[in-house]
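Here's a quick tour of a protein model, with an eye on its sheet and its charged pairs. Have the sequence and the 3D view open as you read.

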Amino acid sequence: MDRPDLTAADPEIVRYVEFLEEQLAAQAGDDGQADLAVEPAEPPTTIQVVTISQNGLIKRTPRHFYTPQRRGGMGVFDLDLPADDLPAALLLADLGSDLIFLTNFARVFRLPVDSLPERPVRARGDTLATWLRLHEKETIAAVLGGSGAHIAVLTTRGFVLTRNKNFLKNEAILFDSRQSGEPVAACWSTGLDDLFVSTQAGKAIRFGTRQVPTRGCLSIRLDEGDRLLGITAVEESGGVLLVAPDGKGTIRLMSGFRANKSPGAAGKTAINTDRLVAALAAAPADDVLIISRLGKIIRFHAAEIPAKDGVVQGVNCMSLRADEVVAAAVARMNG
């Protein structure tokens with residue numbers, strides 16, 4: 001049934017109608033029918049959902065407090081921010097691990113996850129500057145949860161550099177940002193996998209991590225007007241979650257995205273979109289978390305997104321009203 005015209009209705013009535021619509025949409029699948037059974041949350045886990053704002057507020061909440069919904073739902077309100085601030089990053093990390101921050105000076109900061117106070121799902125964050133001693137004009141450029149044998153970093157000049165995890169000492173300088181450019185994004189790598197570098201226009205390139213020299217190299221040749229977005233490690237049998245601001249997304253299978261013989265070539269279209277906001281390795285057993293500009297988070301099973309070998313526009317992952325997706329994360333559920 002179409003919604004009646006509420007132009008002349010009392011604002012309180014309009015707000016109540018919108019509230020009811022959100023509650024119904026949060027329980028509905030692609031067919032628009034509400035689920036009759038509510039899926040239980042996972043058992044308590046030490047894995048934390050970490051949200052960070054543009055102005056440096058950070059919050060951690062145990063993952064089991066985020067109950068999975070159906071793909072295409074509205075999500076729940078998460079990071080409570082002032083009107084002049086927006087969510088900037090979403091990631092997952094174990095309570096016993098460190099968050100790895102890279103600054104525009106290519107400096108490394110390690111922050112123990114358990115040093116952050118636990119907060120409920122809907123809560124204000126804590127000031128990140130409490131833990132990180134940044135220099136004047138130094139800003140956070142990338143942040144990682146989890147762990148790996150190597151870190152791969154993408155810079156503003158399109159360079160990709162890899163470093164062993166032993167280089168990630170607190171306040172160490174990872175490389176000379178004046179030569180290679182400031183960090184844009186980073187990911188963990190085994191050193192034997194491939195790297196998938198993506199741009200905001202939905203272009204990407206895939207090449208072997210072992211092809212990256214110690215001094216780094218150009219990762220991708222950008223089209224005019226395009227900008228770098230992210231980097232993620234992939235396997236031939238895996239896929240990459242691609243999400244656009246309008247809430248549409250796909251999982252692009254690497255079996256249909258051939259690896260280049262070397263880095264530095266032009267990108268190929270990975271998804272049809274005017275702007276890409278997230279590109280992360282994902283498997284059907286994983287869960288996907290997406291956060292919007294208004295601070296809403298949705299969690300759903302990655303298997304609900306049809307995996308594709310070719311270029312598509314994507315399916316609806318999150319319902320949005322006067323809102324847009326700003327970041328995403330993938331929760332490994334098989335270990």
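Is Asp-98 buried, partly exposed or exposed? Asp-98 has a relative accessible area of 23%, so it counts as partly exposed. One thing to keep in mind throughout: this is a predicted model.

## Asp-98 and its partner

Asp-98 makes a salt bridge with Arg-110, and their closest N and O atoms sit 3.0 Å apart. Because Asp-98 belongs to strand S5 (residues 98–103) and Arg-110 to strand S6, this pair ties together parts that are 12 residues apart in sequence. Arg-110 comes out as partly exposed, at 32% relative accessibility.

## Two pairs that reach further along the chain

Next up is Glu-171, which forms a salt bridge with Arg-107; here the closest N and O atoms are 3.3 Å apart. Glu-171 is in the loop between strand S10 (159–164) and helix H2 (177–180), while Arg-107 is in the loop between S5 and S6, so the contact ties together parts 64 residues apart in sequence. As for accessibility, Glu-171 is partly exposed with a relative accessible area of 26%, whereas Arg-107 counts as buried at 6%.

Glu-118 and Arg-60 form a salt bridge too, with 3.9 Å between the closest N and O atoms. Glu-118 lies in the loop between strand S6 (108–112) and S7, and Arg-60 lies in strand S2, so this salt bridge ties together parts that are 58 residues apart in sequence. Arg-60 is buried, at 8% relative accessibility, while Glu-118 is partly exposed at 45%.

## The sheet

Strand S2, home of Arg-60, is also part of an open sheet. That sheet has 4 strands in the order S4-S1-S2-S7, with antiparallel pairing. At the edges you'll find strand S4 (87–94) and strand S7 (126–127), each pairing on one side only.

Inside the sheet, strand S1 (residues 47–53) and strand S2 (residues 57–62) run antiparallel and are joined by 5 bridges. If you want a spot to look at, try Val-49: its bridge partner in S2 is Thr-61. As background, the strands of a sheet pair through backbone hydrogen bonds, in either a parallel or an antiparallel way.

## The wider charge picture

How many salt bridges are there by this rule? The count comes to 20. Some charged residues are linked in a network of salt bridges: Glu-42, Arg-63, Asp-287 and Arg-299.

Terms used. Residues are numbered from 1 along each chain as its sequence is written. This is a predicted model: local features need pLDDT of at least 70, side-chain atom pairs count only at pLDDT 80 or more; totals for chains, interfaces and linings use all residues. Side-chain values use heavy atoms; hydrogens and water are left out. Two strands pair if DSSP finds at least two bridges between them. Helices (H or I, at least four residues) and strands (E, at least two) are DSSP runs, numbered from the N terminus. A salt bridge is a side-chain nitrogen of Lys or Arg within 4 Å of a carboxyl oxygen of Asp or Glu. Buried means under 20% relative accessible area, exposed over 50%, partly exposed in between (1.4 Å probe, protein chains only).
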